[in-house]
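Thanks for passing this one along. Here are my notes, jotted down while going through the model.

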Amino acid sequence: MLIQRNPNGIDLPYPSEITPREVYEERRRFLARIAASAAVGTSLWEMANREAFAQNAAQRLAASANPALSTKEPQTAFKDATHYNNFYEFGTDKSDPAENAHTLRTRPWTVTIDGEVKKPLTLDIDRLLKLAPLEERIYRLRCVEGWSMVIPWVGYSLSNLLKQVEPTGNARYVEFTTLNDRSQMPGLRSPVLDWPYVEGLRMDEAMHPLTLLTLGMYGQVLPNQNGAPVRLVVPWKYGFKSAKSIVRIRLTSRQPRTAWNDSAPNEYGFYSNVNPNVDHPRWSQASERRIGEDGFFKPKRKTLMFNGYDQVASLYSGMDLKKFF
Ligand code: MTE
């Protein structure tokens, strides 16, 4: 079911399939093959293997490379990027999301874009996947905890989506809200944050071409633990600004509250740009450990201003980034 909100606020249904055509067609072929294999004696093990391969193929997400916005640094191993995660809705240990996020139901899924807009929309995930051409962008991700990764994301600039809803003249900020469903997210029972997980950007940050509405990574749809089916990636900010499993994008005239700023305002500011000159109150931000480069003698890397994405510097000209950290 795909829903679009028309300007009068009435939900209009679009014909759509929750299960993509390739998947259900492959399932039908699989059942037909099982019936046929009973006759020729093909082993069930072999059939199951082929089915697993077909399902894997259904997860693939084709995208064209965007070398201009990609780093050439070596990519983090897929295993590390999917087993060393922060997704507190599934637990606070790095290994918890990979272990627990299988309970997240990523279809059907809708994202509502509303607030200070002329054309509010509710889009289903299939529609989001087709809203703009998918690009692969290899970004550095720097976590506020002092580690970093290099990940080939798949998505398109968030600006493509924001233009569709026609922001009003009052739209100055964008708030991102994550799914808040205890039946799917066991970590919500813990009061570690004031749920739901919310994050925010200034409108010009949200409209910057680097800000990626992300639907996949490593050439496939997002694994649940990485924020399926749709998340944000803002590569010049600490990783916590990149909200996962987004259900609502609201344009506002006032700076929205954010989950981490609420929990510790002196530690996590609204801007949270990667900045080696502004330490976290409890540790230095001058250097980082690249995941996969472990080892006692491996020196840490120097952290770069804006995580090396100098093209965003003009967004902050004249601002005291020690005050607006
Ligand atoms: N989004 C939600 N909904 N919940 C979270 O706990 N953690 C953030 C961010 N987005 C988080 C979230 C943090 S602290 C980081 S570093 C990144 O996701 C980690 O993304 P990754 O696990 O894909 O590397």
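The points below go from the ligand site to the aromatic pairs.

1. First, a reminder that this is a predicted model, so please read each distance below as a value computed from predicted coordinates.

2. Where does the ligand sit? You'll find it in the second largest pocket. There are 16 residues around the ligand, and the ones that come nearest are Asn-85, Tyr-88, Glu-89, Arg-231 and Lys-244.

3. As for the make-up of that shell, seven of its residues are nonpolar, six are polar and three are charged.

4. Now the polar contacts. Asn-85 uses its side chain: an N or O atom there is 2.8 Å from an oxygen atom of the ligand. With Tyr-88 it's the backbone instead, where an N or O atom lies 2.8 Å from a ligand oxygen. Thr-178 deals with a nitrogen atom of the ligand, which is 3.2 Å from a polar atom in the Thr-178 side chain. How much of the ligand's accessible area does the protein cover? On its own the ligand has 540 Å², and 99% of that is covered.

5. Away from the ligand, have a look at the aromatic rings: the count is 13 aromatic pairs. One of them is Tyr-84 with Trp-147, an edge-to-face pair with ring centres 5.2 Å apart and 80 degrees between the planes; the cut-off for edge-to-face is over 60 degrees.

6. Which parts of the chain does that pair link? Tyr-84 is in the loop between helix H3 (78-83) and helix H4 (96-100), while Trp-147 belongs to strand S7 (residues 147-157). The two are 63 residues apart, so this pair links distant parts of the chain.

Notes. Residues are numbered from 1 along each chain as its sequence is written. This is a predicted model: local features need pLDDT of at least 70, side-chain atom pairs count only at pLDDT 80 or more; totals for chains, interfaces and linings use all residues. Side-chain values use heavy atoms; hydrogens and water are left out. A residue is near a molecule or strand if one of its heavy atoms lies within 4 Å of it. A polar contact is a pair of N or O atoms within 3.5 Å; within protein, one must be able to donate a hydrogen and the other to accept it, and residues adjacent in sequence count only if both atoms are side-chain atoms. Accessible areas come from the Shrake-Rupley method with a 1.4 Å probe; for residues, only the protein chains shown count as cover. On a 1 Å grid over the protein atoms alone, a cavity is a set of points where a 1.4 Å probe fits but cannot get out, and a pocket is an open set with protein on both sides within 12 Å along at least five of seven lines; lining residues have an atom within 4 Å of a point. A molecule sits in a cavity or pocket if more than half of its atoms lie within 2 Å of its grid points. Ala, Val, Leu, Ile, Met, Phe, Trp, Tyr, Cys and Pro count as nonpolar, Asp, Glu, Lys and Arg as charged, and the others, Gly among them, as polar. Rings of Phe, Tyr and Trp (its six-membered ring) pair if their centres lie within 6.5 Å; planes under 30 degrees apart count as stacked, over 60 as edge-to-face and the rest as tilted. Helices (H or I, at least four residues) and strands (E, at least two) are DSSP runs, numbered from the N terminus.
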